[in-house]
Structure formats: structure tokens, C-alpha cells
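Biologist: I am new to this structure and would like a close look at one part of it, followed by an account of the surroundings. Please go slowly and keep the pieces connected.

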Amino acid sequence: MSSKALQRTITVARKELLHILRDPMTLFFTLFIPVVELFMLGYAIDMNVRHVPTIVLDQAKTQDSRAFLQRFENSEDFTIVARANTDAELTQAIVAGRARVGIKIPADYAQQLEAGETAQILVLVDGSESSVAAEAVNVSNGLALRDALERALGDRTLPVEVRPRVLFNPDTRTANFFIPGLMVIVCQMMASMLAATAVVREKEAGTLEQLYMTPVRSTELIVGKMVPYVVLTCAEFCFIALLMRTVFQVPVHGAFLTLLALALPFVLAMLGLGLWISTRASTRDAAMQLVIGTVLPSVFLSGYVFPLESMPQIFQYLAKIIPTTWLIDGSRGVILRGAGWAELWPNCLWLWGLAVGMIALSVSRFRKQAV
């Protein structure tokens, strides 16, 4: 880049910085809202299903039936909130949403056990919430199997015992899994929204045509507008990471500089996307709607909530062209698994490729508008 081109780029960057400083409300909400969302979602969301409200119909009312129900409560996965007297009451409580699980113990439960027969217990699970349903089914099957093994073996030890060991997040804390991905989503929204309003603001003020008449080239205009937002977004990323470590007590097992190196091309890609959106939209409201339209696929198709392996093949391919996919994987890799460059260089390669592609698309769009 020549000295004149560098000077023009710096001039555009200085002009954009003045726009940011003269609009403190936008800057405040852009920086403050992501932090509020981090606290709200970080504290509110818990993917570990516990204390599922349960209603019980114990027709046996024996010591064996009470001991079996006590196993459910001791697991802390179920909390008995009511007791039914009839099948209709049991079903109605689940339909009304007062309970998510219903347990029915038949009247001949103890007699079947004493006779050496298979005692059947009915467990009704509300399937309207898939995570609760899956947890309830798994835990109830596990408790029943353990009770059956203990009765069959008596004092003898189990012939096979599985001792699972959870790596990287042994306490299965939701914050450890959720926040490394949340910080990526928050920064994506911040970067794309800031950049999306950059050109729209010029359109609304009527100064965009004046920029086209200046000697500033499209590439210099794009780079000049992006520089303040790159610094601002990276600073916000570091601040959120600091909150993650100090407030939510999420340990960082890898080198944070590695994560920053991955975040830079991601921020450039999101800013390029935001600038491209700003060339398509004529008002700030339209730009915001387009930004939100790009955030939703990033949330659901990036592996942030649902594993990529469980998606249809076509969506797995689509996820590869979403920058959020690669940074969320890199964020969890650095923060949770302690991964380094040897493991994350493909993520960096993909992110830089997507960043260059988005910036090139924005530059070409600017050139078409300037002609």
C-alpha cells in the first residue's frame, strides 16, 4: 500500500471513529447489551436436567414401593411434587404441566418380587421437552436396572462395572460448555451490527455520494471503516473472556493468544458481512433485520447448541461455510481442551479464507454502487 493510499485509509478510519464517538448511545448499547446477554444466559441456562417435577401413583403402598420411589428422589433428577389416587389424576397432572414425569407402581408390585416374577412399573414422560424426556427415560431405566441387579445378585459384586470419566469438564457445568460459544455469538452480533450501520448511516445522512466523489478507493473505504470496529470488537471479546474467567469461573486450559489469533479473522469476516449487508439495506431497521437473519443460522447450524454430527449431511456441509462454526470449535478447543496450533490450524485456515471472501464481496459491492 502506498503512502497516499495509507493516508486515505487512515482518514476514513478517523472519520469513522468520530462517528462512533458522536453517537454514544449506539456505542453504549452495542457494548452494554452483549454483557447483559452474557450474564442473563450464563446464569439462566442450565443444560443439566435436575429436579424434574414428578407425580406418583403408588397402588402397592409397601416398603418395597416406597424404597423404589426413594431411589428416584435420592438421584436428585426427580422431585415428587404430588401423589395421585387414580390413573386419570396421574395423566391429567402431566397434561396440565404440573408434572413432567408420572410413576405408577401396581398393587401387586411386592407380590411379583416375592414370587421372582418381573415387576412392571409404568413411567409416563412428558415428551414436549426433549431434553427432559431423554434424561427422565435414561435415569429411570438406570435406576430400575440397578435395583434389579441388586436384587438378583444380593451381596455378590457386579461382574462388570463401568466407571466413566468425563474429560475437560468433569463437573459437567453448563457454563463451561455454554459460555465459550456464547462469547462468539455475542461478538458476531456486535461486529455485524456495528458494520451494518456504517454505510447505512452514510446513506441516511447523504454523505455516501460525497465519499464516492473523493479519491478514496473502495478497498481503502472498506478497510478504513473496518479498522475502528476491529479494535472495538476485539476489545469487547477480551472483556467478555475476562468476565467468563473471573465471574463464571470457567478455566482456560490453552493459550489465550491462540484464541485471539483465531478471533481476528472471525471478526474480519463478520465485519465484512455487516458491510455487505449495509450496501444492500437502505435503512438501519432493514440492516438490523438482515443481521438477525444471519445470526439465527449461526446459532443453530454452528454446533453451538446441537452437535453437527446429528445434523443431515447437507447441513453439515453448510455449517462449514459459517465462520461461527470454526471459532466456536476453536474457542471450546482452547478454553476446555487446551488445544493449540497443532490441532486448530484448519480452523484458522478456514476463518481466514472466509474473511478474505467476505471482504472481497463487500469491496465488489461497493465498486458496483460507486460506478
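Biologist: In which helix is Thr 324 found?

Modeller: Before anything else, please keep in mind that this is a predicted model. Thr 324 is found in helix α13, which runs over residues 323-337. This residue counts as buried because its relative accessible area is 0%, and the cut-off for that word is under 20%. The side chain of Thr 324 makes a polar contact with the side chain of Gln 188, at 2.6 Å. Gln 188 also appears among the residues that Thr 324 touches once those up to four places away in sequence are set aside, and the others are Val 184, Ile 185, Phe 266, Ser 298 and Ser 302.

To place that residue in its setting, it helps to step back to the whole chain, which has 14 helices and 4 strands. Buried residues make up 42% of its 371 residues. Of the contacts in the chain with a separation of 6 or more, 79% are between residues 24 or more positions apart.

The strands are a good place to go next. An open sheet of 4 strands has the order β2-β1-β3-β4, and its pairing is mixed. Because β2 (78-83) and β4 (122-125) stand at the edges with a single partner strand each, one side of each is left without a neighbour in the sheet. From one strand to the next, the twist averages 25°.

Within this sheet, strand β3 (residues 101-105) can be followed on both of its sides. Strand β1 (residues 52-58) pairs with β3 in the parallel sense over 5 bridges, and Leu 57 stands opposite Lys 104 in β3. With β4, on the other hand, β3 pairs in the antiparallel sense over 4 bridges; here Gly 102 stands opposite Leu 124, while Ile 103 stands opposite Val 123. As for exposure, β3 is mostly covered, with 5 of its 5 residues buried. In a regular strand the side chains alternate between the two faces of the sheet. In β3, Val 101, Ile 103 and Ile 105 point one way and Gly 102 and Lys 104 the other way, and all are buried.

Two helices elsewhere in the chain can be read with the same care. Helix α3 (residues 63-74) has 12 residues and reaches 16 Å from its first C-alpha to its last, which is close to the 16 Å expected at 1.5 Å a residue. Its buried residues are Ser 65, Phe 68, Leu 69 and Phe 72. These four lie on the same side of α3, because they cover an arc of only 95° around the axis. The face of α3 turned away from that buried side carries the exposed residues Gln 63 and Asn 74. Just after α3, Glu 76 takes a positive phi of about 65°.

The other helix is α5 (residues 109-114), where Gln 112 is found. Gln 112 is also buried, because its relative accessible area of 17% falls under the 20% cut-off. Leaving out residues up to four places away in sequence, Gln 112 touches Glu 117, Thr 118, Ala 119 and Gln 120.

To return to your question, Thr 324 belongs to α13, and its side chain is in polar contact with that of Gln 188.

Methods:
Residues are numbered from 1 along each chain as its sequence is written. This is a predicted model: local features need pLDDT of at least 70, side-chain atom pairs count only at pLDDT 80 or more; totals for chains, interfaces and linings use all residues. Side-chain values use heavy atoms; hydrogens and water are left out. Helices (H or I, at least four residues) and strands (E, at least two) are DSSP runs, numbered from the N terminus. The expected span of a helix is 1.5 Å times one less than its number of residues. Buried means under 20% relative accessible area, exposed over 50%, partly exposed in between (1.4 Å probe, protein chains only). The arc is that of the directions from the helix axis to the C-beta atoms. A polar contact is a pair of N or O atoms within 3.5 Å; within protein, one must be able to donate a hydrogen and the other to accept it, and residues adjacent in sequence count only if both atoms are side-chain atoms. Contact means heavy atoms within 4.5 Å. Two strands pair if DSSP finds at least two bridges between them. Axes are lines fitted to C-alpha atoms, for helices over the stretch in contact, and angles run from 0 to 180 degrees between N-to-C directions.
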